[in-house]
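Trainee: I've got a new structure to get to know this morning. Can you walk me through it?

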Amino acid sequence: MSTHAETSSRIDANFLLSAYCTGFFPMARSGTEEIEWHCPDPRAIIPLDAFKISQSLRQTLRKKKFEIRINTAFERVMRACADRPDTWISEEIIRVYRELHRRGYGHSVECWREKKLAGGLYGVAIRGAFFGESMFSRETEASKVALVHLVERLRERGFILLDTQFMTEHLRRFGTMEIPRAEYRQLLLKALRVNTSFLPE
């Protein structure tokens with residue numbers, strides 16, 4: 001895998017939005033506030049029309065174990081995602097994504113049970129593209145349930161790109177695929193021409 005990387009120590013929200021629109025995203029070097037900008041080749045995406053759900057996850061969904069909420073605990077979701085020994089989610093990352101959330105670009109999908117945040121994910125939505133950033137679980141399959149609800153919402157709202165950035169074995173189970181950087185950028189340009197939004201007007 002190849003990746004373009006530049007470094008900085010501060011992120012401007014406007015610059016971050018522009019970076020997403022050209023295929024770049026930031027990650028902090030673990031244990032530091034140094035920000036690296038990445039544009040992987042290949043790039044991992046989840047095709048919205050080929051999303052796969054296991055039988056066990058279908059059973060969990062039928063039980064309706066979790067209450068799904070949108071954007072009620074954005075920063076809490078980010079901090080839960082960062083709560084691990086090795087994390088790229090620094091305080092600077094949290095600060096600038098909190099600003100994107102305030103502006104209506106940053107979103108969280110949350111699983112709640114018994115008034116406790118059990119799992120979720122967050123990312124950035126720009127027109128017809130959703131850039132998934134991270135997810136976490138405090139209860140079995142909570143993050144997977146959040147991902148299912150994210151895909152359902154993106155389909156309903158007419159999105160055409162769900163970017164997961166890098167491939168993992170966890171994501172592969174859902175039908176995640178890798179495509180060349182050039183192909184990704186063409187898909188991104190197409191998505192940015194789609195007039196939709198993550199939340200109803």
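Mentor: Let's go from the whole chain down to single residues, bearing in mind that this is a predicted model.

Trainee: Sounds good. How many helices and strands are there in the protein chain?

Mentor: The protein chain has seven helices and 10 strands.

Trainee: And what does the C-alpha trace span along its principal axes?

Mentor: About 45 × 35 × 35 Å. The radius of gyration is 16 Å, which agrees with the value near 17 Å for a compact globule with 201 residues.

Trainee: How much of the chain is buried?

Mentor: Buried residues account for 51% of the 201 residues. As for the outside, the accessible surface comes to about 10000 Å², and carbon and sulfur atoms hold 48% of that.

Trainee: What about contacts between residues far apart in sequence?

Mentor: Take the contacts between residues at least 6 apart in sequence: 74% of them join residues at least 24 apart.

Trainee: Quick one on charges. How many positive and negative ones are there?

Mentor: There are 32 positive and 26 negative charges, and their mean positions are 6 Å apart.

Trainee: Switching to cysteines. How many disulfides does a search of the whole structure find?

Mentor: Zero. Take Cys21, which is in no disulfide: its nearest cysteine sulfur belongs to Cys39 and is 13 Å away.

Trainee: Is Cys21 buried or exposed, then?

Mentor: Somewhere in between: Cys21 is partly exposed, at a relative accessible area of 29%.

Trainee: And why is there no bond for Cys111?

Mentor: Because the closest cysteine sulfur, in Cys81, is 12 Å from the sulfur of Cys111, which is too far for a bond. Cys111 counts as buried, with 0% relative accessibility.

Trainee: You mentioned Cys81. Which residues are buried in H3?

Mentor: Cys81 is one of them, and the others are Phe74, Val77, Met78, Ala80 and Ala82.

Trainee: What do the buried residues of H3 pack against?

Mentor: Against helix H4 (91-103) and three strands, namely E6, E7 and E8, with E8 covering 129-137.

Trainee: Where does Arg79 sit?

Mentor: Arg79 is in H3 too, the helix that runs over residues 74-82. Its relative accessibility is 34%, so Arg79 counts as partly exposed.

Trainee: Which residues does Arg79 touch, leaving out those up to four places away in sequence?

Mentor: Glu91, Ile94 and Arg98. Arg172, on the other hand, is 93 residues from Arg79 in sequence, and the two C-alphas are 25 Å apart.

Trainee: Now strand E7. Where does Gly120 come in?

Mentor: Gly120 is within E7, which covers residues 116-126. With 0% relative accessibility, Gly120 counts as buried.

Trainee: What does Gly120 touch?

Mentor: Setting aside residues up to four places away in sequence, Gly120 touches Val77, Val109, Glu110, Ser134, Met135, Phe136, Ser143 and Ala146. Val77 there is one of the buried residues in H3.

Trainee: How far is Gly120 from Arg58?

Mentor: They are 62 residues apart in sequence, and 17 Å apart in space from C-alpha to C-alpha.

Trainee: Let's try a loop. Where does Phe51 lie?

Mentor: Phe51 is in the loop between E4 and helix H2 (55-63). Even so, Phe51 is buried, at a relative accessible area of 12%.

Trainee: What is Phe51 in contact with?

Mentor: Not counting neighbours within four places in sequence, Phe51 contacts Ile46, Leu147, Val148, Val151, Arg155 and Phe174. Ser90 is 39 residues from Phe51 in sequence and 31 Å from it in space, C-alpha to C-alpha.

Trainee: Now the backbone. Which peptide bond is cis?

Mentor: The one from Asp41 to Pro42 is cis, with omega near 10°. Pro42 lies in the loop between strand E3 (35-41) and strand E4 (43-45).

Trainee: And what is phi of Lys115?

Mentor: It's near 65°, a positive value in a residue other than glycine. Lys115 is in the loop between strand E6 (106-113) and E7, and is exposed at a relative accessible area of 77%.

Trainee: What about Gln165, what is its phi?

Mentor: About 70°, so to speak another positive phi, although Gln165 is not a glycine. Gln165 lies in strand E9, residues 161-165, and is buried with a relative accessible area of 4%.

Technical notes. Residues are numbered from 1 along each chain as its sequence is written. This is a predicted model: local features need pLDDT of at least 70, side-chain atom pairs count only at pLDDT 80 or more; totals for chains, interfaces and linings use all residues. Side-chain values use heavy atoms; hydrogens and water are left out. A disulfide is a pair of cysteine sulfur atoms within 2.5 Å. Buried means under 20% relative accessible area, exposed over 50%, partly exposed in between (1.4 Å probe, protein chains only). Helices (H or I, at least four residues) and strands (E, at least two) are DSSP runs, numbered from the N terminus. Contact means heavy atoms within 4.5 Å. The radius of gyration is taken over C-alpha atoms; the globule rule is 2.2 Å times the number of residues to the power 0.38. Accessible areas come from the Shrake-Rupley method with a 1.4 Å probe; for residues, only the protein chains shown count as cover. Lys and Arg count as positive and Asp and Glu as negative; His and the chain ends are not counted. The place of a charge is taken as NZ of Lys, CZ of Arg, CG of Asp or CD of Glu.
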